[in-house]
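Open the model in your viewer and keep the sequence beside it. The tour goes from one selection to the next and says what is found at each stop.

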Amino acid sequence: MKNLYNYGGKKFMNIDFDLIEDLKEKILKIYNDSKNIGDIEIKNKEGNDIVTAMDLYMEKNIIKVIKENFPEHSIYSEECGEEKNKSEYEWYIDPIDGTINFATGIPLFSTSIALKKNDEIILGIVLDYNQNDIYYALKGKGAFCNGEKLQVSNNNKLSDSIISFCLTSHFNDEHIKDVLYVEEKLAPKVRGLRLIVSGAIELCWCASGKIDGVLNVKPSVGLSSAAGKLFVAEAGGKITNLKGNNREKIDTLLVTNGKIHNEILKVLNWNK
């Protein structure tokens, strides 16, 4: 593996660690530049969800970086949607995952970028600005945070586990019922449940062994989770839907260290 922090600054075109380093530097610059916007200008989206001027600024400029170097690639971004090209490659971009946290001053938000080749995630990078942590991975070459290789937890007891789950303002009544079902089933069985609502950071924490699992009851394409799922897989974890099957393109999500996966599936007994 090339040393991520001894990169010479050449223009990137290959899918490698040099590309990740260059993306990191460019995204950090875009984020720092976005602070000059001033008024974050909050606008409503689906339900009570929001988008800010910083989301839009960062997304626009990250897309610009991708197009300058990979003009033939498809792009799927949080605010602009999907722009399909005739390419086996597609970038997944969530400029600020955890926008509500960001807009209200809660320091749990990040930028998540992933690259898929023929529907398989091969590259991921997540920038956790408040912790000064850069997570990144290449398929088959490991997952890392600030140069240190990641490893999921060794915990094999659900009763000792910390599990995070999602509940956001755009969940409909059925999704809210599903979240309450998950809480009812898991709360007596685990050490702790956590409601963080920053999927990218939660998956980074799972890959690094800070928590033992992450789940989401709402089927989604997974823009914010694309990079994090690669981190967990490269760190030795397991990813399925809530039925324990391989995820479809739009599906529920269960990510764990692998050791408690089957026990969670048994407790949830998901039949939707």
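Begin at the second largest pocket, whose lining residues divide into 7 nonpolar, no polar and 9 charged. This is a predicted model. The second largest pocket has a volume of about 420 Å³. Select Asp119, Ile121, Lys229, Ile239 and Arg247, which lie nearest its centre among the 16 residues that line it. Strand E7 (120–128) and helix H6 are the elements that give two or more residues to this lining. The largest share, 5 residues, comes from H6.

Next, stay with H6 and add helix H5. Select residues 199–207 for H5 and residues 226–234 for H6; their axes come within 8 Å and cross at roughly 5 degrees. H5 and H6 are therefore roughly parallel to each other. On the H5 side, show Leu203, Cys204, Cys206 and Ala207; on the H6 side, show Gly228, Lys229, Phe231 and Val232, since these residues make the contact. By class, the contact of H5 with H6 has 6 nonpolar, 1 polar and 1 charged residues. Lys229 belongs to this contact and is also one of the residues nearest the centre of the second largest pocket.

Now colour the sheet of 8 strands. This open sheet has the order E4-E3-E5-E6-E7-E8-E9-E10, and its pairing is mixed. Which strands are at its edges? They are E4 (81–83) and E10 (148–149), each of which pairs on one side only. Within the sheet, look at E3 and E5, which pair in the parallel sense over 4 bridges. There, Tyr76 stands opposite Tyr92 in E5.

Add the helices that lie on this sheet. Helix H1 (residues 17–34) lies across E5, E6 (110–117), E7, E8 (133–138) and E9 (143–145), running at about 35 degrees to E7. H6 also packs on the sheet, touching E5, E6, E7, E8 and E9, and its direction makes about 105 degrees with that of E7.

For a single residue in this region, select Lys141, in the loop between E8 and E9. Lys141 touches Phe17 and Glu234, not counting residues up to four places away in sequence. Show Ile122 as well: the C-alpha atoms of Lys141 and Ile122 are separated by 9.8 Å, and the two residues are 19 residues apart along the chain.

Turn to the sheet of 5 strands. This open sheet is also mixed in its pairing, and its order is E12-E11-E13-E15-E14. E12 (192–195) and E14 (238–240) stand at the edges with a single partner strand each, so one side of each is left without a neighbour in the sheet. Neighbouring strands of this sheet are turned by 20 degrees against each other on average, direction ignored. Zoom in on E14 and E15 (residues 251–256): they run antiparallel and are joined by 3 bridges. Thr240 stands opposite Leu254 in E15.

Two helices pack on this sheet. H5 touches E11 (162–165), E13 and E15, and its direction makes about 145 degrees with that of E13. Helix H7 (residues 261–268) touches E11, E13, E14 and E15, and its direction makes about 135 degrees with that of E15.

The last stop is the largest pocket, which holds about 950 Å³ of space. Which residues lie nearest its centre? Select Glu78, Asp94, Asp97, His170 and Ser224; the whole lining has 43 residues. E3 (74–77), E5 (89–97), helix H3 (99–104), H5 and E13 (213–220) each supply at least two residues of the lining. E13 gives the largest share, with 6 residues. By class, the lining of this pocket has 18 nonpolar, 14 polar and 11 charged residues.

Conventions. Residues are numbered from 1 along each chain as its sequence is written. This is a predicted model: local features need pLDDT of at least 70, side-chain atom pairs count only at pLDDT 80 or more; totals for chains, interfaces and linings use all residues. Side-chain values use heavy atoms; hydrogens and water are left out. Axes are lines fitted to C-alpha atoms, for helices over the stretch in contact, and angles run from 0 to 180 degrees between N-to-C directions. Angles under 35 degrees count as roughly parallel, over 145 as roughly antiparallel, 65 to 115 as roughly perpendicular and the rest as oblique. Contact means heavy atoms within 4.5 Å. Ala, Val, Leu, Ile, Met, Phe, Trp, Tyr, Cys and Pro count as nonpolar, Asp, Glu, Lys and Arg as charged, and the others, Gly among them, as polar. On a 1 Å grid over the protein atoms alone, a cavity is a set of points where a 1.4 Å probe fits but cannot get out, and a pocket is an open set with protein on both sides within 12 Å along at least five of seven lines; lining residues have an atom within 4 Å of a point. Grid points are joined across faces, edges and corners, and a volume is the space filled by probe spheres set on the points. Two strands pair if DSSP finds at least two bridges between them.
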